[in-house]
Amino acid sequence: MTEKIVVLGSNGQIGTELVTALRTAYGESNVVACDIRRPDYDIKNSGPFEFVNVLEKDTLNAIFQKYKPTQVYLLAALLSATGEQNPKLAWDLNMNGLLNILDLAITYKTAKVYWPSSIAVFGPNSPKDLTPQFCVMDPNTVYGISKLAGERWCEYYHQKFGLDVRSIRYPGLISWKAAPGGGTTDYAIHIFHDALKKASYTSFLNAGTELPMMYMDDAIRGTIELMDANADDITIRSSYNFTGVSFTPETLADEIRKHIPEFTLNYGANDPRQQIADSWPRSIDDSYAAKDWGWKPEFDLGKLTADMFKNLKK
Ligand code: AKB
């Protein structure tokens with residue numbers, strides 16, 4: 001059967017690269033990119049695009065009616081830092097956007113749904129090192145709360161209605177193609193741009209703040225591998241722990257100095273994102289993903305740093 005795939009939130013940091021990868025795998029005309037904003041040149045010219053707000057049920061219904069998708073990826077969301085600036089909007093978008101899609105997927109018998117969760121589902125009382133799949137979860141950002149609630153809804157729709165919904169708890173994602181969208185881990189992208197522009201960077205996170213991260217190439221490959229996995233092998237229907245490499249701002253700066261020896265790293269004062277970072281894990285145990293669908297990251301810190309510079313210099 002030919003797959004018909006709808007990607008909602010296609011212009012964001014993940015969507016930009018996921019749409020390209022899906023169009024390569026499934027054919028350009030079979031992957032419909034949807035966003036509330038006009039897409040960049042690549043997405044617009046390589047396949048179908050629709051303006052869609054995931055909170056508008058009628059528009060969404062028309063998209064399901066028109067394309068009858070076999071797979072839907074819902075990526076539209078407000079992230080941790082921007083979510084704290086507008087908690088009610090973050091809750092509305094992250095929660096009602098998901099419920100709209102879960103309901104339509106049941107109505108239109110969509111074969112598979114993908115929805116991203118995050119390490120933000122963990123909180124101050126979750127174990128910090130090699131955070132397990134199952135443990136205390138007490139997120140204290142509206143983003144984390146909405147992701148944890150969303151995970152419960154995904155599992156609920158799977159158990160009650162048999163919906164094949166799959167999810168990953170992304171760590172901080174590092175990429176060069178599209179700008180990051182208001183997260184706490186965004187420093188790990190800005191640092192590369194400033195390193196090239198002025199050989200210095202002022203980090204909004206303090207020295208010693210270790211967070212789980214991943215290169216976008218790994219994240220896209222992992223996402224598609226999860227969606228391609230045999231349904232019987234997916235034992236987690238909330239969301240899978242998933243990780244690449246953990247590091248602090250100073251470890252990343254040391255790696256950057258291998259390319260730009262004069263690079264200096266400074267620290268800003270009193271940024272609200274520090275409190276968010278302090279509530280998150282330092283590293284993640286993703287052994288369920290490894291066992292269930294063979295997940296293995298390819299990019300370590302050295303490899304991702306070299307690849308970032310290679311592409312950003314272009
Ligand atoms: C954020 O920092 O909010 C995101 C995330 C870890 O989900 N990058």
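Here's a quick tour of the ligand site and the two domains around it.

Keep in mind that this is a predicted model. Let's start with the overall layout. The chain splits into domain 1 (5–172 + 214–241) and domain 2 (176–213 + 244–284 + 293–313). Their C-alpha centres are 24 Å apart, and the two are in contact through 35 residues of domain 1 and 33 residues of domain 2.

Now for the ligand. You'll find it sitting in the largest pocket, and both domains have a hand in its surroundings: domain 1 and domain 2 each supply at least three residues of the shell. Going around the ligand, you meet Leu79, Ser80, Ser118, Ile119, Tyr143, Pro171, Gly183, Thr184, Thr185 and Trp280. Sorted by class, that shell holds five nonpolar and five polar residues, with no charged ones.

Which residues put an N or O atom close to a ligand oxygen? Ser80 does so with its side chain, and so does Ser118, while Thr184 uses a backbone atom. Here are the distances:

| Residue | Part of the residue | Partner | Distance |
|---|---|---|---|
| Ser80 | side-chain N or O atom | ligand oxygen atom | 2.5 Å |
| Ser118 | side-chain N or O atom | ligand oxygen atom | 2.7 Å |
| Thr184 | backbone N or O atom | ligand oxygen atom | 2.7 Å |

As for how much of the ligand is hidden, on its own it has 260 Å² of accessible area, and the protein covers 93% of that.

Conventions
Residues numbered from 1 in each chain as written. Predicted model: local features only at pLDDT ≥ 70, side-chain atom pairs only at ≥ 80, totals over all residues. Heavy atoms only, no water. Near = heavy atom within 4 Å. Polar contact = N/O pair within 3.5 Å; in protein donor to acceptor, adjacent residues only side chain to side chain. Areas by Shrake-Rupley, 256 points an atom, 1.4 Å probe, with all protein chains shown as cover. 1 Å grid on protein atoms, 1.4 Å probe; cavity = no way out; pocket = protein on both sides within 12 Å on 5 of 7 lines; lining within 4 Å. Sits in = over half its atoms within 2 Å of the grid points. Nonpolar A, V, L, I, M, F, W, Y, C, P; charged D, E, K, R; others polar. Domains from an automatic or database assignment. Contact = heavy atoms within 4.5 Å.
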